[in-house]
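Let's take a walk through this structure together, moving from its surface to its interior and back to its charged pairs. Keep the viewer open as you read.

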Amino acid sequence: MRVALAMMLGALPLVGAAAQETGSKPAAKARRTNPPSAPLPPTAETVAARPGGIALTVADAIAIALRDNRTIRSAYIDRIAQKFDLRVAEDRFTPHVTINGGATRQQIAGINTTSAEITPAATALLPTGATFGLAWANQMTDTAGIVTRSSIAELTLSQPLLRGGGIEVNMAPVRAARLTERINRLRLKTTVSETVGQVIFAYRSLLQAQEELKLAQASVMRAQELVDINRALITAGRMAEVDIVQTEADLENQRIRVLEGTKTLDAARLQLLNLLSIDLGAAIVARESTDPARIATNLSRLMQIALAQRPDYLGQVLVVEQNKLGLVVAQNERLWDLSVFASGRFGRETTTGGGTFAAERISDMTVGAAFSVPLNDLRREQPFVQATSTLQTSELQLAIIRQGVELQVRGSVTDVDIRWRQLEVARRARQLAARAVEIEKEKLKAGRSANFQVRGLENDLRSAESQQLGAMIGYLNALTLLDIQLGTTLETWRIALRD
């Protein structure tokens, strides 16, 4: 994670600087530690194909997850339908054209009648609420040799003046759909961010399991060294032979610890491979530094970032805007029905056959107004009451989410600071414990210490090593969690949504 919030915020290097120390790199565009000719992050096929496994950085793991993780792929598939829903909503004011027609032949009382009709028609809703219709009816009827043909254009126009009228009301569904589209994009961002966070945590679990196994193997080596020292002292006649029994038992216990570490490592590897959606038999190794640097935090600046980036907060802001549009529509529904309308029929009708010919020109027009005034229908008030309640509830929910964001950010900042202090203490404790073991072994060789004292200090060293490793992983995970809670995971890793 070379480019973290420090790059985005200037004075606030949050996650990226720590990841510099851990060797992490942005998944998409960040500068890699490999030479320019090095290959890109491996695909699922190359991971499975290499029998010796492959060394993965956290950036490599994220790159594979973005390509292969099933949750992310499912989210992108859902976006196809969601974007089409927006197209349908924005098609509201597009004229819709249909062609209707048919042909019939019937015999009644020995008289044959053949008729055919084709009528292209177009209807359109205008942003003012007006509906416009145009139909061109073409008919032909042949009854016992008398043919009647007509070609008539019909135009209709209706404009509501109160209920259903006005640009604000009629544009509300389109604006609501656009807000929904923005909410859906935020949900996609949430899905990708959470999945990336899961991959990072799983990667750190693998890294921790690897380091725990190394510590266990080092403990075996130290225990074997102590057994060798004991045997040398026994040979020299400076130690009773029975005193080596406990040391040998401790050696076997450390070998059991190695076996447990191997089991934990395999479980962590499977968990990461499952998130990456690649072959569970692939051998992968986490290759990241375990020496992070301290990252300074600024609570007020972090809160500004969270309120500008958190998908859940921004999504609820959009929900409030949607509910405001719903209230506008509900208020309009309370109005009386009052509209003006006009229609016209223009065309020509001819009749031929039986020695006759007749033609008639058609030109009819109608204009008028219509109204409907409900006097005691409470159902017209119901949408307004519901919309008002929904809006107020969403505003309360927005306040709840905002306070929850602040609560999480404050807690994460405190956690990051405390975990760094824990890491510092754990480092010093481990150094002192290692030094104490070295000194006590020298004293044992000189005959100025007892076996149990060395074993006790070895136990202290093992605890200090595990404590330091846990503190390091905990600090890095705290930074990652803070990144997620700020909503800046994608920015930190330079991930662009393919949307």
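A nonpolar patch, as the word is used here, joins nonpolar side chains within 5 Å of one another, taken from residues with over 30% relative accessible area and no salt bridge. Please keep in mind that this is a predicted model. With that in hand, look at the surface, where Leu161, Leu162, Leu335, Trp336, Val340, Phe371, Val373 and Leu375 make a nonpolar patch of about 790 Å². One member, Leu161, sits in the loop between strand 5 (146-160) and helix 6 (167-235). Its relative accessibility is 46%, so Leu161 counts as partly exposed.

From the surface, turn to the interior. Helix 4 (residues 58-68) is largely enclosed by the rest of the structure, because ten of its eleven residues are buried. Among those buried residues are Val58, Ile62, Ile64 and Leu66, and the list also includes the acidic residues Asp60 and Asp68.

Next come the aromatic rings. How many aromatic pairs does the structure hold? There is one, formed by Trp420 and Tyr475, with 5.1 Å from centre to centre and 55 degrees between the planes, a tilted arrangement. Trp420 belongs to helix 10 (residues 382-445) and Tyr475 to helix 11 (residues 451-486), so the pair ties together parts that lie 55 residues apart in sequence. Are these two residues buried or exposed? Trp420 counts as buried at 7% relative accessibility, and Tyr475 is buried at 0%. Another link in sequence involves Leu461 of helix 11, whose C-alpha is 8.5 Å from that of Ala429, although 32 residues separate them in sequence. Leu461 is buried too, with a relative accessible area of 3%.

Rings also meet charges in this model. The charged end of Arg334 sits over the ring of Phe384, 4.1 Å from its centre, while Arg498 lies over the face of Tyr76 at 4.4 Å from the ring centre. Arg334 appears again in a backbone view: its C-alpha is 8.5 Å from that of Pro383, which is 49 residues away in sequence. Pro383 lies in helix 10 and is partly exposed at 32%. Thr390 is also found in helix 10, and its side chain reaches the backbone oxygen of Gln386 at 2.8 Å.

Finally, consider the salt bridges. Side chains of opposite charge can pair when their charged atoms come close. A search of the whole structure finds 29 salt bridges. In one of them, the side chains of Glu90 and Arg178 meet at 3.0 Å, N to O. This pair links distant parts of the chain, with Glu90 in helix 5 (residues 70-90) and Arg178 in helix 6, 88 residues apart. Glu90 is partly exposed at 38%, and Arg178 is partly exposed at 39%.

Other bridges stay within one helix. An α-helix has 3.6 residues a turn, so residues three or four places apart point the same way. Glu406 and Arg410 are four residues apart in helix 10, which means about one helical turn separates them, and their closest N and O atoms are 3.0 Å apart. Glu321 and Lys324, three residues apart in helix 9 (residues 311-333), form a salt bridge at 3.7 Å, N to O. To finish, find the network of salt bridges that links Arg222, Glu225, Asp250, Arg430, Lys441, Glu458, Arg462 and Glu465.

Technical notes
Residues are numbered from 1 along each chain as its sequence is written. This is a predicted model: local features need pLDDT of at least 70, side-chain atom pairs count only at pLDDT 80 or more; totals for chains, interfaces and linings use all residues. Side-chain values use heavy atoms; hydrogens and water are left out. Buried means under 20% relative accessible area, exposed over 50%, partly exposed in between (1.4 Å probe, protein chains only). Helices (H or I, at least four residues) and strands (E, at least two) are DSSP runs, numbered from the N terminus. Rings of Phe, Tyr and Trp (its six-membered ring) pair if their centres lie within 6.5 Å; planes under 30 degrees apart count as stacked, over 60 as edge-to-face and the rest as tilted. A charge sits over a ring if NZ of Lys or CZ of Arg is within 6 Å of the ring centre and within 35 degrees of the ring normal. Patches are made of residues with over 30% relative accessible area and no salt bridge: like charges are joined within 9 Å, nonpolar side chains (Val, Leu, Ile, Met, Phe, Trp, Tyr) within 5 Å. Accessible areas come from the Shrake-Rupley method with a 1.4 Å probe; for residues, only the protein chains shown count as cover. A salt bridge is a side-chain nitrogen of Lys or Arg within 4 Å of a carboxyl oxygen of Asp or Glu. A polar contact is a pair of N or O atoms within 3.5 Å; within protein, one must be able to donate a hydrogen and the other to accept it, and residues adjacent in sequence count only if both atoms are side-chain atoms.
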